[in-house]
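Work through the exercises below with the model open. Try each task before reading its solution.

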Amino acid sequence: MIEKIVTIKNKLGLHARPAALFVQTAAKFSSQIKIIKDGQEVDGKSIMGLMTLAAAFNTQLKLLANGSDENEAINELVGIFENGFGE
Amino acid sequence: MVLANREKGLTMNAKVSILHGIAASPGIAIGKAILFRDEEFNTSKREIKKDDIKKEIKRFGDALSKTNAEMLVTKEKIYKTLGKEYARLADAHLLILQDPLITREVTKIISDGINAEYALSEVLEKVIHSFEMIDDEYFRERKHDIADVGKKLLSHLAGGVRRTIADIKTEGVVVGHNFTPSDTLSMRENLLIGFATDIGGKTSHTAILAQSLEIPAVVGLRDVTAKISEGDTIVVDGNQGIVVINPSLEMLENYRHEKEIQLEQTKELEKLKDLPAQTIDGHRIVIGANIDNPSETASVLSHGAEGVGLYRSEFIYFNRSSMPSEEEHYKNYSRIAQKMMPYSVIIRTFDLGGDKLSGMGLEGVATEGNPFLGMRAIRLSLKYPKIFKTQLRGILRASAEGKIKIMYPMISGLGELLAANKILEETKEELRSEGKKFDENIEVGVMIEVPSAALTADQIVAHCDFLSIGTNDLIQYTLAIDRVNENVASLYDPLHPAILRLIKNVVEAAHRAGKWVGLCGEMAADPSLTVVLVGLGLNELSVSPVQAPKIKKIIRNTSYAQARELANDLLESPNREELIKRFKKHTTP
């Protein structure tokens, strides 16, 4: 299992479109993906879960990946955070 | 004066009430209230016997796939009327449907011997509750999206007979607890001039769609459905977020006045309406409109488009369980043709996949792994000539009542065009022998959206009267890019030299044959591309009605000589970035 800390860099936070992008990306991997914000943990493949985090600009999140492709998964997911979800 | 006072006194009997909500979409609508009550779904708990659990899970799975199919249709409609950005809204709904909380959790509860309705509502209630706990308004509002998806699923679990906005046939302002994005789309297609709801917010998908469709709306009124009676006079003031039920004559007069002022302002913007789309050096372009529905003709004319450049007739086939009859086709087309006189209407024959028709009793349609490259559009028409002929008969008969042109979608080469023309000739012959009137000189055109057709445009244009380039598919097929796939969407480039060369090839082929050529894809509506399209020599650009004034304005500020130069440079120069910058600068309105 690997974990990484990421910061939300796009102004509107993890709203519908970025959340959709995250979930679609996470779904490509067989690994279990989790996101944790202030102790609240949600399934990274669940758009509803992700949105209940209401993660705003500059929020820090912990990403967890667990499974056979956990390295690729974490790299790609961290990548989309780093380029601000292309926004 | 005496009379006015008396009338005022009379209306005082009906109780005036003013409700404050959220201004979701600007504009003022005044009309009779149509109350749209939500259906109640039975979500009570039932035990499922162990032997029946599998069946119950399958029932839930079926409802999921039906809901998914319904949402894809909505997404397609949004994409076609409003473009890619708006279609993304529909993606969020689709993802909610695919959420493991729904697909996995609900199935898990069903496995414990509980019915699907209860399992679903239990899961959704929990999710919606956690959304209600959120401080941030934007995120909190997303609970409406989840409730919408839940409602759709429940209605499919109940057998899929859901009364929709599309069933309302009278003119008025519609009042309901909440509306879905697809409801909002239907409002524009029907006679509904505004809406008011109990719940909802400014950033809901429904509100965003209402804004772009120019339907005045006030949402979040809490109990408007309880306060209003069917037929009450209602004012929806989408500027202030106010709803007035049974307004006094004085209030009504004020609102009418305010509405007029706003109409004036809109007219100001439409001043261009009656001016030709002509460049400063006198080169004339025709601006046509793309529409899906006869009700849009008013908007075509008010926005100054010169006719319909693309009527997507496949919308006649949507949301129904039987094939449309010749009479339905005929009525639909003749209504448009009459309204558009003296302009012409280009009717594209149905551009559908076989899956859409299998629900209407068409047999032998196989599910295809890659429908975009499969049995669809003209291929389907040629395979099922009876269905094709029914539509052609409707089109031909309507051509006696206006100026109609026929266009075939997805022609990939001359063979298909000749085959389609043969069926058209047979159909004409049938009508002649029945003594039915039609336009003997009806023009026939081909939609150029497959690269093979673009490359052989010279052969094709020899056997038809005009060409219209459908760039959405042409780009997608040429660059091998699915335009709605986020992973490759950035590679979707209308300015790729391959695309520009294909367009140029088509334009030159048509012009050499002395025929006209248009462009009806999304590219035509992108103001930053107008100059290059003019420069490539297109005779017609067809866009959604609301886009027409914008494109016309750019053309009127463009020099054709300069536009040609720019287009040529873009076709040849390897330094595309610089050129793109150059013409973007050139076209800043």
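## Exercise 1: a loop residue

Met410(B) sits in the loop between β12 (403-408) and α16 (414-433) of chain B. Helices (H or I, at least four residues) and strands (E, at least two) are DSSP runs, numbered from the N terminus. This is a predicted model: local features need pLDDT of at least 70, side-chain atom pairs count only at pLDDT 80 or more, and totals for chains, interfaces and linings use all residues. Residues are numbered from 1 along each chain as its sequence is written, chains are lettered from A in the order in which they are written, and side-chain values use heavy atoms, with hydrogens and water left out.

Task: find the sign of phi at Met410(B), and decide whether Met410(B) is buried or exposed.

Solution. Start with the backbone. Phi of Met410(B) is positive, about 60°, although the residue is not a glycine. Most residues other than glycine have a negative phi. Next, accessibility. Met410(B) counts as buried because its relative accessibility is 3%; buried means under 20% relative accessible area, exposed over 50%, partly exposed in between (1.4 Å probe, protein chains only).

## Exercise 2: another positive phi

Task: locate Ala480(B) and state whether it is buried or exposed.

Solution. Ala480(B) lies in the loop between α19 (471-479) and α20 (497-512) of chain B. Its phi is about 55°, positive although it is not a glycine. Its relative accessibility is 68%, so Ala480(B) counts as exposed.

## Exercise 3: a strand and the loop before it

Task: find which side chain makes a polar contact of 2.5 Å with Arg348(B).

Solution. Place the residue: Arg348(B) belongs to strand β11 (residues 344-348) of chain B. Check burial: Arg348(B) is buried, because its relative accessible area is 3%. Now the partner: the side chain of Glu314(B) makes that contact. A polar contact is a pair of N or O atoms within 3.5 Å; within protein, one must be able to donate a hydrogen and the other to accept it, and residues adjacent in sequence count only if both atoms are side-chain atoms. Then look at the loop between α12 (326-340) and β11, where Pro342(B) lies. Met341(B) and Pro342(B) are joined by a cis peptide bond, with omega about 5°.

## Exercise 4: the interface

Task: find which side chains form the salt bridge between chain B and chain A.

Solution. The rule finds one salt bridge across this interface. Arg104(B) and Asp43(A) form it, at 3.3 Å, N to O. The definition asks for a side-chain nitrogen of Lys or Arg within 4 Å of a carboxyl oxygen of Asp or Glu.
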